[in-house]
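Dear colleague,

I am handing over the structure below for your files. My notes on what was found in it follow directly after.

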Amino acid sequence: MESWVAVMEQGWPYAVGLLAGAVVLALIVRASKKMDAPSEPALKTVPAAKVAVAPKAVDASADPASEAPVDAADPVDLATVSPVSLGERLKTGLSRTRGAFAGLGAVLQGDFTDELEEELEEILLTSDLGMQASTEVMARLRVRVERDGLKGDGIRDALKAVLLDIIAPCEAAFEPGPGTNVVMMVGINGAGKTTTLGKLAAQHKACGRSVTLAAGDTFRAAAVEQLKAWADRAGVPVIAQDTGADSASVIFDALASARAKDQDILLADTAGRLQNKDHLMDELSKVVRVLKKQDANAPHEVLLVLDAGTGQNAISQAELFTRAVGVTGIVLTKLDGTAKGGVAFAIALKFGLPIRYIGVGEGIEDLQAFSAQAFVDALFEPANA
């Protein structure tokens with residue numbers, strides 16, 4: 001027994017070594033078989049134009065817009081888009097405001113009392129008209145009520161007429177002139193400039209105009225790819241440089257190219273700007289100065305894209321962008337059930353700027369030419385109509 005124990009004490013290291021060697025040999029054989037196996041097919045390369053590029057995360061105080069990318073599908077033929085009236089789209093888009101205005105029937109049951117005035121003013125304020133515009137609307141309404149002795153539904157009709165009077169002068173379409181018309185898109189981060197520009201490209205082309213895009217948002221990493229995707233959808237060329245290039249230089253070169261090719265429209269994208277950052281606004285002013293070196297009338301249109309959901313902050317944006325680059329038209333976006341729309345009346349009263357387009361959905365056909373009558377009518381439609 002003692003001799004057996006002695007043998008085990010002396011021989012166990014050899015046994016462990018043999019076992020380890022067997023394990024290593026098995027691993028080598030397995031690896032050899034795997035290397036001899038057929039390799040898996042390589043991943044299919046997707047054309048860059050078909051890839052939706054995710055936008056870079058940004059600080060809230062930074063410059064670039066955080067607009068959602070778009071997948072570049074086949075070129076869009078607007079003639080094949082199912083026609084739905086602007087009124088119907090607005091009824092859906094302005095559902096929150098409609099809920100307040102459509103309920104006026106329950107409020108307007110008799111005389112124009114002080115209590116009724118307060119209730120009406122509260123409805124206007126909660127619909128994003130703001131204090132100044134709400135006060136003006138109530139003053140005009142009071143004149144009509146006292147002059148005509150209105151009650152009940154008559155007060156409702158008078159309110160509708162007052163609102164229409166305020167916003168009707170803002171219904172004015174942009175009419176391109178001869179030569180290459182430069183349309184420059186400006187606005188704060190995430191307002192929807194690039195998306196709006198892509199939709200406009202498709203609409204101008206559907207009207208028989210030749211269009212070139214300028215990728216002037218050179219700050220946001222995904223902006224150029226996003227604009228190229230829209231260009232593919234609309235079937236129009238885009239002039240672009242690398243991220244970080246000078247925006248004014250890109251747009252200047254794009255205008256030279258568009259004029260050389262006798263293009264009707266140059267749609268120029270720009271980086272998102274915080275309206276309270278002077279150095280960023282100065283860069284926009286530089287773009288305008290550079291364009292005028294080629295064409296003293298350029299840009300022929302400066303469209304300020306406003307997210308209607310920002311409420312009264314849109315007033316500050318309109319004021320400062322107009323001061324910096326001379327805004328000539330407004331685009332109200334995201335009127336899709338999340339915005340109340342009343343800020344349109346505040347802008348109309350304070351600036352009198354034309355409201356060129358409104359966005360009532362995600363599709364290309366959901367960027368609509370502004371109609372004052374349809375807009376006001378939609379506000380007074382029942383929410384479930």
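**Aromatic pairs and a pocket**

Two aromatic pairs are present in the structure, which is a predicted model. In one of them, Phe-345 and Phe-375 have ring centres 5.9 Å apart and planes at 55 degrees, so this pair counts as tilted; the tilted class ends at 60 degrees, over which a pair is edge-to-face.

The pair joins distant parts of the chain. Phe-345 belongs to helix H13 (residues 343-351), Phe-375 belongs to helix H14 (residues 372-379), and the two residues are 30 apart.

Are these two residues buried or exposed? Phe-345 has a relative accessibility of 1% and therefore counts as buried, since the cut-off for buried is under 20%. Phe-375 is buried as well, with a relative accessible area of 0%.

Ring pairs also bring in Phe-370, which forms a cluster with Phe-345 and Phe-375.

The other finding concerns the second largest pocket, which holds about 270 Å³ of space. Its lining consists of 16 residues, and those closest to the centre of the pocket are Ala-173, Phe-174, Arg-209, Tyr-357 and Ala-369.

Which elements each supply at least two residues of this lining? They are helix H8 (193-206) and strand E7 (355-359). By residue type, the lining of the second largest pocket divides into ten nonpolar, four charged and two polar residues.

With kind regards

Note on methods
Residues are numbered from 1 along each chain as its sequence is written. This is a predicted model: local features need pLDDT of at least 70, side-chain atom pairs count only at pLDDT 80 or more; totals for chains, interfaces and linings use all residues. Side-chain values use heavy atoms; hydrogens and water are left out. Rings of Phe, Tyr and Trp (its six-membered ring) pair if their centres lie within 6.5 Å; planes under 30 degrees apart count as stacked, over 60 as edge-to-face and the rest as tilted. Helices (H or I, at least four residues) and strands (E, at least two) are DSSP runs, numbered from the N terminus. Buried means under 20% relative accessible area, exposed over 50%, partly exposed in between (1.4 Å probe, protein chains only). On a 1 Å grid over the protein atoms alone, a cavity is a set of points where a 1.4 Å probe fits but cannot get out, and a pocket is an open set with protein on both sides within 12 Å along at least five of seven lines; lining residues have an atom within 4 Å of a point. Grid points are joined across faces, edges and corners, and a volume is the space filled by probe spheres set on the points. Ala, Val, Leu, Ile, Met, Phe, Trp, Tyr, Cys and Pro count as nonpolar, Asp, Glu, Lys and Arg as charged, and the others, Gly among them, as polar.
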